[in-house]
Amino acid sequence: MFRKGDADVAGMGAKDPEQPGPPAWNSYIFVDDVEEIAKGAAEAGANLVLPPMDVMSAGRMCILQDPTGAHVSLWQAGDHQCADLFNEHGTLIWNELMTRDVEAALAFYTEVIGWDTSPMPMPDGSTYHILKVGERMNGGMIAISDEMPAEIPAHWGVYFAVDDV
């Protein structure tokens, strides 16, 4: 676990060498019932990379690949709720999905996860989608532009707050 003072702020583990792709940050979506959401995700076209499993007494998790190809994890808390600290220097501030199929991703995350979205037009003519739980913003989504190399897959990126970039 990465810690800031007494607070958990992120975690790290070894990448399974048999899983394709480069090492990457893994975003977790907090859910009430990992079995139910994993089942709905699979029915909606997601690939269950790692089916629901216990993480000792900390909670239950699974890893899925959404219908656009982005990997994301589900977390049902047990003894461990989530990161203890957010939105300050040295901590997570934002999660962002970049995908080549925004419409499919929007349908998946609104229908399966239950998120709301709010479109935000960008100066270049694209649309950034704010992902929300109720009125609380919890991330964003944008199309991978044609200028980016074709081999860049759909992915979740994480942003950490710093006092001075």
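**Exercise 1.** In this predicted model, decide whether Glu135 is buried or exposed, and find out which residue meets its side chain in a salt bridge.

*Solution.* Begin with the accessibility of Glu135, which is 69% in relative terms; because exposed means over 50%, Glu135 counts as exposed. Next, look for the partner: the side chain of Glu135 meets that of Lys132 in a salt bridge, with 3.6 Å from N to O. Then turn to Lys132, which has a relative accessibility of 13% and therefore counts as buried, since buried means under 20%.

**Exercise 2.** Locate Lys132 in its strand, and state which residues it is in contact with once neighbours within four places in sequence are left aside.

*Solution.* The strand that holds Lys132 is β9, made of residues 127–133. With those sequence neighbours set aside, the contacts of Lys132 are Trp115, Asp116, Ser118, Met137 and Asn138.

**Exercise 3.** Describe the salt bridge between Asp8 and Arg3, and classify both residues by their accessibility.

*Solution.* The side chains of Asp8 and Arg3 meet with 2.3 Å from N to O. Asp8, with a relative accessible area of 11%, is buried, whereas Arg3, at 46%, counts as partly exposed.

**Exercise 4.** Work out how the axes of helices α1 and α2 cross, and which residues make the contact.

*Solution.* The axes of α1 (residues 34–43) and α2 (residues 102–113) come within 10 Å and cross at roughly 145°, and this crossing is right-handed. On the α1 side the contact is made by Ile37, Gly40 and Ala41, and on the α2 side by Phe108, Val112 and Ile113.

How values were computed:
Residues numbered from 1 in each chain as written. Predicted model: local features only at pLDDT ≥ 70, side-chain atom pairs only at ≥ 80, totals over all residues. Heavy atoms only, no water. Axes fitted to C-alpha atoms, helices over the stretch in contact; angles between N-to-C directions. Helix = DSSP H or I, 4+ residues; strand = E, 2+ residues; numbered from the N terminus. Left-handed = near helix turned anticlockwise from the far one by under 90°. Contact = heavy atoms within 4.5 Å. Salt bridge = Lys/Arg side-chain N within 4 Å of Asp/Glu carboxyl O. Buried < 20%, exposed > 50% of the residue type's maximum accessible area, 1.4 Å probe, protein only.
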